[in-house]
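Trainee: I should be grateful for a close look at the salt bridges in this predicted model. Which side chains take part, and where do they lie?

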Amino acid sequence: MYNYICHFIVYKGGTVDITVQKQNDDGTLKEVVPVTGGPEGGTSVDRAFKLFLESILGKGILEAFKNAYIEDYLFFIREFEFKKRSSCHPLIRKIRIRIPLQFESLVEEICGINISKAFQNSQCNGTVSYKRNKLHFERSKFKEFFKEAV
């Protein structure tokens with residue numbers, strides 16, 4: 001049996017998860033160092049997106065949405081996940097994320113402000129807007145969520 005080192009990369013999205021594996025005698029792989037789960041992965045992108053929304057709409061709004069409308073919350077998170085993975089295409093200039101109607105209602109109920117007005121009054125006016133149940137991001141603004149990730 002020969003000892004040799006093999007490097008490989010599996011690419012599936014816009015972030016990197018790092019792990020160390022070794023090859024067993026039977027050809028299978030054994031994980032030696034588990035996936036980092038740190039800022040190299042997509043969780044930092046998720047966290048940046050949630051913090052961004054809460055900076056505009058108020059702290060705890062996503063947790064309230066999750067507790068009140070779990071199915072709509074999961075739809076929203078899946079929508080963001082899809083956009084996160086597809087936003088790296090160079091021809092995409094704007095990223096649009098569908099927002100469940102229940103979220104819009106909850107923001108008005110808890111925060112006392114219309115989502116569209118909240119984004120118009122924010123520091124990101126011009127790079128993010130809310131129209132027809134969708135958040136519209138300029139590509140440059142959306143890419144800011146990836147800054148912490150490698």
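**Salt bridges in the predicted model**

Mentor: Let us begin with Lys-141, which forms a salt bridge with Glu-144; their closest N and O atoms are 3.2 Å apart. The two partners can be described by their accessibility. Lys-141 has a relative accessible area of 14% and is buried, whereas Glu-144, at 36%, is partly exposed. As the model is predicted, these values describe the computed coordinates.

A search of the whole structure gives six salt bridges. Side chains of opposite charge can pair when their charged atoms come close.

The part that merits the closest inspection is a network of salt bridges that links Asp-46, Glu-81, Lys-84 and Arg-85. Lys-84 may serve as the point of entry. Its salt bridge with Asp-46 has closest N and O atoms 2.7 Å apart. Lys-84 belongs to helix α3, residues 70–86, and Asp-46 to helix α1, residues 43–57, so this pair ties together parts that are 38 residues apart in sequence. Lys-84 is buried, with a relative accessible area of 7%. Asp-46 has a relative accessible area of 22% and is therefore classed as partly exposed, because the buried class is confined to values under 20%.

Lys-84 also meets the side chain of Glu-81 in a salt bridge, at 3.0 Å from N to O. Here both residues lie in helix α3, three residues apart, which is about one turn of the helix. Glu-81 counts as partly exposed, at 23% relative accessibility. Lys-84 is thus in a salt bridge with Asp-46 and in another with Glu-81; the former pair joins helix α3 to helix α1, while the latter pair lies in helix α3.

One further residue helps to place Glu-81 in space. Gly-42 is located in the loop between β2, residues 29–33, and α1. Gly-42 is buried, with a relative accessible area of 16%. Although Gly-42 and Glu-81 are separated by 39 residues in sequence, their C-alpha atoms are 9.1 Å apart in space.

To follow this region on the display, one may start at Gly-42 in the loop between β2 and α1, continue to Asp-46 in helix α1, and cross from there to Lys-84 in helix α3. From Lys-84, the salt bridge to Glu-81 can then be traced, and Arg-85 completes the list of residues linked in the network.

Terms used. Residues numbered from 1 in each chain as written. Predicted model: local features only at pLDDT ≥ 70, side-chain atom pairs only at ≥ 80, totals over all residues. Heavy atoms only, no water. Salt bridge = Lys/Arg side-chain N within 4 Å of Asp/Glu carboxyl O. Helix = DSSP H or I, 4+ residues; strand = E, 2+ residues; numbered from the N terminus. Buried < 20%, exposed > 50% of the residue type's maximum accessible area, 1.4 Å probe, protein only.
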